[in-house]
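Reader: Could you walk me through this model, beginning with the surface and then going inward?

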Amino acid sequence: MIIKDIYEFLDSVSPFELQEKWDNSGLIIGNMSDSFENLYLCMDLDLPLVETLKANSLVITHHPLIFSGIKKVNYDTYSTKILKELIKKDIALISMHTNIDKTHLNRFVVENILGFNILNQNEFIVNCEVNMSFEDLLKYISKRLKLKNFKFVKTKEYIKTIAICTGSAMSLIDNVKADCFITGDIKYHDAMEAKARNLSLIDIRHYESENSFNILLEQLLDEYLKKNKLKAIITASKNPFEFFIEGETIE
């Protein structure tokens, strides 16, 4: 299959032009006229994962390997080390990041992973009505995302409405109109700001909030792949973080 063919299908499902200005979604490695034999879907790339990929393949990731311009390729950074291996193995790379966040991923996580009914969505942020105590909300999130521990800021005992955005979205706090904001990568000063605004927070972490990208994309590609007699291989990079709790190391 030619990369251009599947790229155009992906663009019809979630237009690349919807990505944010700072983003780098699209065809990052390879040429539109190149052909490929194997297709992989994954949220991110890491070196152990790249070593398992077959040559002459196409990988579709959520996070772009390269965000900004690279002035040196010395193979001593995360992106250049992986870039070297992909080129050696003739592996092309397409990334679908903020475009699919807006069109599919946030809604998919909210509805299919967390099981909430959506009231509305404003670009990245999905709003829901939950009507439960903050403690019950914590227990519910923990169960649905299989999180054994996570950070939170509690400003209210009862949560009527929540706003959710996967990944890292505290920069969008001004757009949050809810009792509790659920996202990942919440920093200390983010927490201080939210508390001052009487906004509760739950940090569902970056990796855990977006690792269903593979499942979503497989569903979106299902009919197209069947029609073209191609099979997608779902694979996963390893979460770089581990967590220490009372003498127990967990992932």
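**Surface and overall form**

Author: The accessible surface of the chain is about 13300 Å², and carbon and sulfur atoms contribute 50% of that; accessible areas come from the Shrake-Rupley method with a 1.4 Å probe, and for residues only the protein chains shown count as cover. This is a predicted model, in which local features need pLDDT of at least 70 and side-chain atom pairs count only at pLDDT 80 or more, while totals for chains, interfaces and linings use all residues. Residues are numbered from 1 along each chain as its sequence is written, and side-chain values use heavy atoms, with hydrogens and water left out.

Reader: What radius of gyration does the chain have, and what would a compact globule have?

Author: The chain has 19 Å, which agrees with the value near 18 Å for a compact globule of 251 residues; the radius is taken over C-alpha atoms, and the globule rule is 2.2 Å times the number of residues to the power 0.38. Along its principal axes, the C-alpha trace spans about 55 × 40 × 35 Å.

Reader: And how much of the chain is buried?

Author: Buried residues make up 49% of the 251 residues, where buried means under 20% relative accessible area, exposed means over 50%, and partly exposed lies in between (1.4 Å probe, protein chains only).

Reader: Let's turn to the sheet: what is the strand order?

Author: An open sheet of 6 strands runs in the order E5-E6-E8-E9-E10-E7, with mixed pairing, and its edge strands, E5 (118–122) and E7 (152–153), each pair on one side only. Strands (E, at least two residues) and helices (H or I, at least four) are DSSP runs numbered from the N terminus, and two strands pair if DSSP finds at least two bridges between them.

Reader: Which way do E6 and E8 run, parallel or antiparallel?

Author: Strand E6 (residues 125–133) and strand E8 (residues 158–168) run antiparallel and are joined by 6 bridges, with Asn-127 standing opposite Ala-163 in E8.

Reader: How does E9 pair with E8?

Author: E8 and E9 pair in the parallel sense over 4 bridges, and Ile-162 has Cys-180 in E9 as its bridge partner. On the E10 side, E9 again pairs in the parallel sense over 4 bridges, and there Ile-182 is partnered by Ile-202 in E10.

Reader: How many residues of E9 are buried?

Author: In strand E9 (residues 180–184), 5 of its 5 residues are buried. Cys-180, Ile-182 and Gly-184 point one way, whereas Phe-181 and Thr-183 point the other way; in a regular strand the side chains alternate between the two faces of the sheet.

Reader: Different topic: where is Ser-14, and what is it in contact with?

Author: Ser-14 lies in the loop between helix H1 (3–13) and strand E1 (26–29), and it is buried, because its relative accessible area is 0%. Leaving aside neighbours within four places in sequence, Ser-14 is in contact (heavy atoms within 4.5 Å) with Met-96, Asn-99, Ile-100, Thr-103 and His-104.

Reader: What is the phi of Asn-198, and of Lys-229?

Author: Asn-198 has a positive phi of about 60°, and Lys-229 has a positive phi near 55°, although neither is a glycine. Most residues other than glycine have a negative phi. Asn-198 is in the loop between helix H6 (188–196) and strand E10 (200–203), and is partly exposed at 41% relative accessible area. Lys-229 is in the loop between helix H8 (213–227) and strand E11 (232–234), and counts as exposed at 79%.
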